[in-house]
Amino acid sequence: MSSLHPTSRWLRRLAPIGAFLFVVACGDAHTFKLSPGDWEPTDQRGSLSDLNGALVELARVSSRCNVDARDSLLALVGSHMEFAGEDVTGMKSPCAGGPEVRVDIDLGGNHILYDFSKVSEGGRFPDAEFEGFVITDMYHSVSDIRAVAVDRNMSTMLIPNRAVSFDAHSVSINLAGIRFDPSSFVKLDLVFESEPDESSR
């Protein structure tokens, strides 16, 4: 699978700019209301071999309109639901007409789960060059991502390989034109440059 990142100018702006992050986190005890200055990553930069312990940003991104805007949430990856559906629902698409989707997004050490079981009814993401979610390791504290793949045995949505892209510190899923309903589920498997020791699992 290619490691090419989406080429639209909106996605080229996805590098985190700490002073301008707007954190939207309401109601869920497991979605942490943090700004980058609230966490000291200096002794962990590049040391983590999976996502556990990393501060990550979830951004809702669309290329359909000429605005430099996105809603985002921050969370520390651990043994909980990082981005609960009620919070993700509140993330508005930067462009008019994008659906509000109650999707739980859970991050394990080496995977990302998108669980649509809480949506009230089926829907469809708008057609666009990119319409979806981007997850970024804010402090580059995790070893570089080397591969991302859709787990076809676990996933129920027909996500083409080209819809998933990544760079060393972020993973994007492009859901443009994709239909969803309460049975929809996607699991992405991640491979890092440095894998955890067996003794730490």
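Here is a short conversation about the predicted model shown above.

Reader: Before we start, what kind of model is this, and how are its residues numbered?
Author: Happy to set that out: this is a predicted model in which local features need pLDDT of at least 70 and side-chain atom pairs count only at pLDDT 80 or more, while totals for chains, interfaces and linings use all residues. Side-chain values use heavy atoms, with hydrogens and water left out, and along each chain, as its sequence is written, residues are numbered from 1.

Reader: How many helices and strands are there in the protein?
Author: Helices (H or I, at least four residues) and strands (E, at least two) are DSSP runs numbered from the N terminus. Along the sequence they follow the pattern α-β-β-α-β-β-β-β-β-β-β-β-β. The count is two helices and eleven strands.

Reader: What percentage of the 201 residues count as buried?
Author: Buried means under 20% relative accessible area, exposed over 50%, and partly exposed in between, with a 1.4 Å probe and protein chains only. By that cut-off, the buried share of the 201 residues is 51%.

Reader: Which strand gives the most residues to the largest nonpolar core?
Author: A nonpolar core is a set of buried Ala, Val, Leu, Ile, Met, Phe, Trp, Tyr and Cys residues joined through side-chain atoms within 4.5 Å. The largest one has 40 residues, and I105, Y114, F116, F133 and L188 touch the most other members. With four residues, the strand that gives the most to this core is strand 11 (residues 185-192).

Reader: Which residues is Y114 in contact with, leaving aside its neighbours within four places in sequence?
Author: Contact means heavy atoms within 4.5 Å. With those sequence neighbours set aside, the partners of Y114 are V103, D104, I105, F133, I135, I173, S184, F185, V186 and L188.

Reader: Which residues form the aromatic cluster?
Author: Rings of Phe, Tyr and Trp (its six-membered ring) pair if their centres lie within 6.5 Å; planes under 30 degrees apart count as stacked, over 60 as edge-to-face and the rest as tilted. The structure holds two aromatic pairs. The cluster is made up of F116, F125 and F180.

Reader: Which strands stand at the edges of the open sheet of four strands?
Author: Two strands pair if DSSP finds at least two bridges between them. The open sheet has the order 3-4-11-7, with antiparallel pairing. Each edge strand has a single partner strand, so one side is left without a neighbour in the sheet: these are strand 3 (104-107) and strand 7 (145-150).

Reader: Which residue in strand 4 stands opposite L107?
Author: Strand 3 pairs with strand 4 (residues 111-115) in the antiparallel sense, over four bridges. The residue of strand 4 opposite L107 is I112.

Reader: How many residues of strand 9 are buried, and on which faces?
Author: Strand 9 (residues 170-174) is covered on both faces. One side carries S170, S172 and N174, and the other V171 and I173, all of them buried. That makes the number five of five.

Reader: Which residue in strand 9 is the bridge partner of V164?
Author: Strand 9 runs antiparallel to strand 6 (residues 131-137), joined by five bridges, and there I135 stands opposite V171. Strand 8 (residues 164-167) is also antiparallel to strand 9, with four bridges, and a hairpin through two residues joins strand 8 to strand 9. The partner of V164 is I173.

Reader: Why does E57 count as buried, and which side chain does it join in a polar contact?
Author: E57 is found in strand 1 (residues 55-62), and it counts as buried because its relative accessibility is 1%. A polar contact is a pair of N or O atoms within 3.5 Å; within protein, one must be able to donate a hydrogen and the other to accept it, and residues adjacent in sequence count only if both atoms are side-chain atoms. At 3.3 Å, the side chain joined to that of E57 belongs to S72.

Reader: What separates the C-alpha atoms of M91 and S72?
Author: M91 lies in the loop between helix 2 (85-89) and strand 3, and is buried, with a relative accessible area of 0%. M91 and S72 are 19 residues apart along the chain, and their C-alpha atoms are separated by 7.0 Å.
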